[in-house]
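Colleague: Got a minute to go through this model with me? I'd like to start with the ligand and then wander a bit.

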Amino acid sequence: MRIPLLDLQAQYRTIAPEVDAAVQRVVTSQRFILGPEVEGFEASVAEYLGVGHAVGVSNGSDALYLTLAALGVGPGSEVITTAYSFVATVEAIVRVGARPILVDIDPETYLLDVHKALEEVGPRTAALLPVHLFGRCVDIPRLRAAAPSIPIVEDAAQAFGASHAGIHAGALGAAGCFSFFPAKNLGGFGDGGMVTTHDASLARALRSLRAHGQRRGTTYMHERMGGNCRLDALQAAVLSVKLPYLPGWNAGRRRNAERYQAAFESLDLPIALPPRSTPKSEDVFGQFVIRAPRRDALRTHLAEAGIGSAIYYPHGLHREPCFFNLGYTAGDFPHAEKAARECLALPIYPELSPTHIDEVVQTIASFYQG
Ligand SMILES: *Cc1c(COP(=O)(O)O)cnc(C)c1O
């Protein structure tokens, strides 16, 4: 049985006629940049997430960059974030000219250690940039209560639809940054992104920055430098079709996570499972990540059985060559480094069947039980 890490064709098959019609509508209109498709999708996202404003942008990396820029974060200031994420999180801080301050993770959730993050807050701190890694929310209310004057930018690229105490990712902080990269739990047919916020003036700044800093309602009147960072109409049309299905898909991921939990718990394997989704912290399992001894050999064993897996991430961000100049060294973030050695993401996509899950579990059991 071949079980890929992610099967985008399985999802496409369930909605093909609707998506194809939406694409055709854009092609017929020949309106590709911003316009009614993007506005309609922005309104749907704002309503679904419970925020006043949603601004469609080119991708999740630019969402982070534009948000920090719109908040005025720049040279001389610091942004506190996690040592364990995709490179784009820290890259965005460097792109605006600020200094990233990395902190270690909570070894159970892989999320930024809130206590350690708060210890780093100082006079230069211009923003906190927690990452809702693998689809689970950082405890934003706790961060905000301890540091009420510092804007919190949520990197929610892996967490569309996740919530904390009933509030969606993207509505918890000063701004939420999303990615619609095809492999995310809400993915387009190419690159795309979104920034959400309750703050009208921040939304206005973002709309300007995504179009070269142009003043609203003008042409060739550029107030500040931004970039060409707009969401395009084709992506918005595809994503508008997908958005109503997302709650069901996220529920499917949680159901699959429960199936893995139940199946693994009945066996006695030396692996650690991710924490369960709870009503207080509803996880969307963008990834289902286990910790596994002899991880790389297990990965080979799975591949030989036709089962896809991935390592998110093979090292902490302080070990990325592009960030060596930040001055961190091996050993600075022991929990992130240990996770990087042990973690393995298993297939969790909503269309996965119970038979698939049993197959993955049995293949892992056969590795450890010989
Ligand atoms: C995917 C991702 C991004 C970047 O999103 P892109 O759309 O690929 O630019 C940023 N942060 C995290 C945590 C991500 O997973």
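Colleague: Which of the 13 residues around the ligand come nearest?

Modeller: Gly-60, Ser-61, Gln-158, Ser-179 and Lys-184 do. Bear in mind that this is a predicted model.

Colleague: Okay, what sits 2.7 Å from an oxygen atom of the ligand?

Modeller: That's an N or O atom in the side chain of Lys-184. Gln-158 also uses its side chain, with a polar atom 2.8 Å from a ligand oxygen. With Gly-60 the backbone does the job: one of its N or O atoms lies 2.8 Å from an oxygen atom of the ligand.

Colleague: And how much of the ligand does the protein bury?

Modeller: The protein buries 93% of the 380 Å² that the ligand exposes when taken alone.

Colleague: Back to Lys-184 for a second. Which ring does it lie over?

Modeller: Phe-86: Lys-184 lies over its face, at 6.0 Å from the ring centre. There's also Arg-95, whose charged end sits over the ring of Tyr-65, 4.1 Å from the centre of that ring.

Colleague: Speaking of rings, how many aromatic pairs are there in the whole structure?

Modeller: The search finds 15. One of them is Tyr-245 with Trp-249, with 5.6 Å centre to centre and 20° between the planes.

Colleague: Stacked or edge-to-face, that one?

Modeller: Stacked, because the 20° between the planes falls under the 30 degree limit for that label.

Colleague: Are those two buried or exposed?

Modeller: They differ in label: Trp-249 is buried, with a relative accessible area of 9%, while Tyr-245 is partly exposed at 31%. The cut-off for buried is under 20%, so Trp-249 qualifies.

Colleague: Which residues form an aromatic cluster?

Modeller: Phe-41, Tyr-48, Phe-160, Phe-178 and Phe-180 form one.

Colleague: Trp-249 is in H9, right? What else is buried in that helix?

Modeller: The buried residues of H9 include Leu-246, Asn-250, Gly-252, Arg-253, Ala-257, Tyr-260 and Phe-264, along with Trp-249. As for the spacing, an α-helix has 3.6 residues a turn, so residues three or four places apart point the same way.

Colleague: What span should H9 have, and how far apart are its ends?

Modeller: H9 runs over residues 246–265, which is 20 residues, so at 1.5 Å a residue it should span 28 Å. Its end C-alpha atoms are 28 Å apart, which agrees.

Colleague: Nice. New topic: where is Thr-81, and is it buried or exposed?

Modeller: Thr-81 is in strand E2, residues 78–82. It's buried, with a relative accessible area of 0%. A polar atom of the Thr-81 side chain lies 2.6 Å from the backbone oxygen of Leu-129.

Colleague: What about Val-79?

Modeller: Val-79 is found in E2 too, and it counts as buried at 0% relative accessibility. From Val-79 to Val-90 it's 11 residues in sequence and 9.0 Å in space, C-alpha to C-alpha.

Colleague: Last one: where does Ser-366 sit?

Modeller: In helix H12, residues 354–369. Ser-366 counts as partly exposed, at 35% relative accessibility.

Colleague: What does its side chain contact?

Modeller: A polar atom of the Ser-366 side chain is 2.8 Å from the backbone oxygen of Thr-363.

Colleague: And how far is Ser-366 from Ile-150?

Modeller: Their C-alpha atoms are separated by 50 Å, and the two residues are 216 residues apart along the chain.

Technical notes. Residues numbered from 1 in each chain as written. Predicted model: local features only at pLDDT ≥ 70, side-chain atom pairs only at ≥ 80, totals over all residues. Heavy atoms only, no water. Helix = DSSP H or I, 4+ residues; strand = E, 2+ residues; numbered from the N terminus. Expected span 1.5 Å × (residues − 1). Buried < 20%, exposed > 50% of the residue type's maximum accessible area, 1.4 Å probe, protein only. Phe/Tyr/Trp six-rings, centres within 6.5 Å; stacked < 30°, edge-to-face > 60°. Lys NZ or Arg CZ within 6 Å of the ring centre and 35° of its normal. Near = heavy atom within 4 Å. Polar contact = N/O pair within 3.5 Å; in protein donor to acceptor, adjacent residues only side chain to side chain. Areas by Shrake-Rupley, 256 points an atom, 1.4 Å probe, with all protein chains shown as cover.
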